[in-house]
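Colleague: Before I rely on this model, I should like to go through the terms used to describe it. Please set each value against its criterion and then conclude.

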Amino acid sequence: MRERNRISIRSVRASDIATLVHWGAQSPELWGSKVSKWYTARGLKRYLLVLQNDIFLVAEIGEKLVGMCHARYMHEWLYWENLFVDKGFRRRGVAEKLFKEMVKACKKKKGLREIGLQVRHDNTEAKRFYKKMGFRMGFLYFWMEKDLIRRKKV
Ligand SMILES: CC(C)(COP(=O)(O)OP(=O)(O)OC[C@H]1O[C@@H](n2cnc3c(N)ncnc32)[C@H](O)[C@@H]1OP(=O)(O)O)[C@@H](O)C(=O)NCCC(=O)NCCS
């Protein structure tokens, strides 16, 4: 319990980017899929500078960044885009605290009624986590993607 009290949550800062990018290397779905890179480090930096309809929180223990979550609100509903906790800091309540803070932030926005998210069918840990946070099953579907620019052949 004492350790849970040491987890602090704040809004993301530009100085967090290097860690966020590093986490993306461990968890490709953070900023891209297996075949696509949705955000380069530069793109992510630009994105963080113009956050608008976003709730982008990070968790710290002491000075160390240990987790992040990002969601985007669209009038009545919130799409929870990303959640990641550093491997060495899992099962200590970091994701739960991020989630609770996100819900608190949502309550300050008028009109938000629902949170939706997608989780890979084989991501047992995350599914257990979301269930514990009260999420129920919605749709089952395939991720599809298409390039908007011609890719260089390597
Ligand atoms: C899923 C993830 C965010 C959970 O983060 P976490 O900080 O370890 O989660 P918490 O400690 O807050 O866990 C809260 C509860 O969720 C459930 N849970 C979390 N991780 C679990 C696991 N590996 N196995 C079973 N249950 C788990 C438990 O009920 C847990 O409560 P308990 O520890 O009291 O039993 C983390 O495993 C992670 O970053 N995974 C890789 C990235 C990812 O898959 N993100 C989700 C993309 S959709």
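Colleague: Which residue of E3 is the bridge partner of isoleucine 55?

Modeller: The partner is alanine 71. Bear in mind that this is a predicted model.

Colleague: What makes E2 and E3 a pair of strands?

Modeller: Two strands pair if at least two bridges are found between them. E2 and E3 share eight bridges, in the antiparallel sense, so the criterion of at least two is met. In the hairpin that joins E2 and E3, two residues stand between the strands, and glycine 62 has a positive phi near 65°.

Colleague: How do you know that E1 and E2 pair, and in which sense?

Modeller: Five bridges link E1 and E2, and the sense is antiparallel. One of the bridges joins arginine 10 to valine 58 in E2.

Colleague: What places E4 between two partners?

Modeller: E4 pairs with strand E3 (residues 64-74) over eight bridges in the antiparallel sense, and with strand E5 (residues 114-117) over four bridges in the parallel sense. On the E3 side, histidine 70 is bridged to asparagine 82 and tyrosine 73 to leucine 78. On the E5 side, tyrosine 79 has glycine 116 as its bridge partner. The chain passes from E4 through H4 to E5 in a β-α-β crossover that is right-handed.

Colleague: Why is the sheet called mixed and open, and which strands stand at its edges?

Modeller: Strands of a sheet pair either parallel or antiparallel. Here E3 and E4 are antiparallel, whereas E4 and E5 are parallel, and the pairing of the five-stranded sheet is accordingly mixed. The order is E1-E2-E3-E4-E5, and the sheet is open. Strand E1 (7-11) and E5 stand at the edges; each has a single partner strand, so one side of each is left without a neighbour in the sheet. Neighbouring strands of this sheet are turned by 30° against each other on average, direction ignored.

Colleague: Across which strands does H4 lie?

Modeller: H4 lies across E1, strand E2 (54-61), E3 and E4, and runs at about 145° to E2.

Colleague: Why is leucine 78 called buried?

Modeller: A residue is buried if 20 or more other C-beta atoms lie within 10 Å of its own. Leucine 78 has 24 such neighbours, and therefore counts as buried. Leucine 78 belongs to strand E4. Apart from neighbours within four places in sequence, leucine 78 is in contact with Ala71, Tyr73, Cys106, Leu112 and Ile115. The C-alpha atoms of leucine 78 and arginine 92, 14 residues apart along the chain, are separated by 25 Å.

Colleague: What makes histidine 75 worth a remark, and is it buried or exposed?

Modeller: Most residues other than glycine have a negative phi. Histidine 75 is not a glycine, yet its phi is positive, about 55°. Histidine 75 sits in the loop between E3 and E4, a hairpin with two residues between the strands. A residue is exposed if 12 or fewer other C-beta atoms lie within 10 Å; histidine 75 has 11, so it counts as exposed.

Colleague: How do you know whether arginine 91 and arginine 13 are buried or exposed?

Modeller: The same limit of 12 or fewer decides both cases. Arginine 91 has 9 other C-beta atoms within 10 Å and is therefore exposed. Arginine 91 is in the loop between E4 and H4, and its phi is positive, about 60°, although it is not a glycine. Arginine 13 has 11 C-beta neighbours inside 10 Å, so arginine 13 is exposed. Arginine 13 lies in the loop between E1 and helix H2 (17-26). The C-alpha atoms of arginine 13 and lysine 45 are separated by 9.5 Å, with their positions 32 residues apart along the chain counted as the separation.

Colleague: Which residues come nearest to the ligand, and which elements supply the shell?

Modeller: Of the 18 residues around the ligand, Arg90, Ala95, Glu96, Glu125 and Arg128 come nearest. Strand E4 (77-85), helix H4 (94-108) and helix H5 (124-132) each give two or more residues to the shell, and H5 provides the largest share, five residues. By class, the shell has eight nonpolar, three polar and seven charged residues.

Conventions. Residues numbered from 1 in each chain as written. Predicted model: local features only at pLDDT ≥ 70, side-chain atom pairs only at ≥ 80, totals over all residues. Near = placed C-beta within 6 Å. Nonpolar A, V, L, I, M, F, W, Y, C, P; charged D, E, K, R; others polar. Right-handed = clockwise from strand over helix to strand, strands pointing away. Axes fitted to C-alpha atoms, helices over the stretch in contact; angles between N-to-C directions. Contact = placed C-beta atoms within 7 Å.
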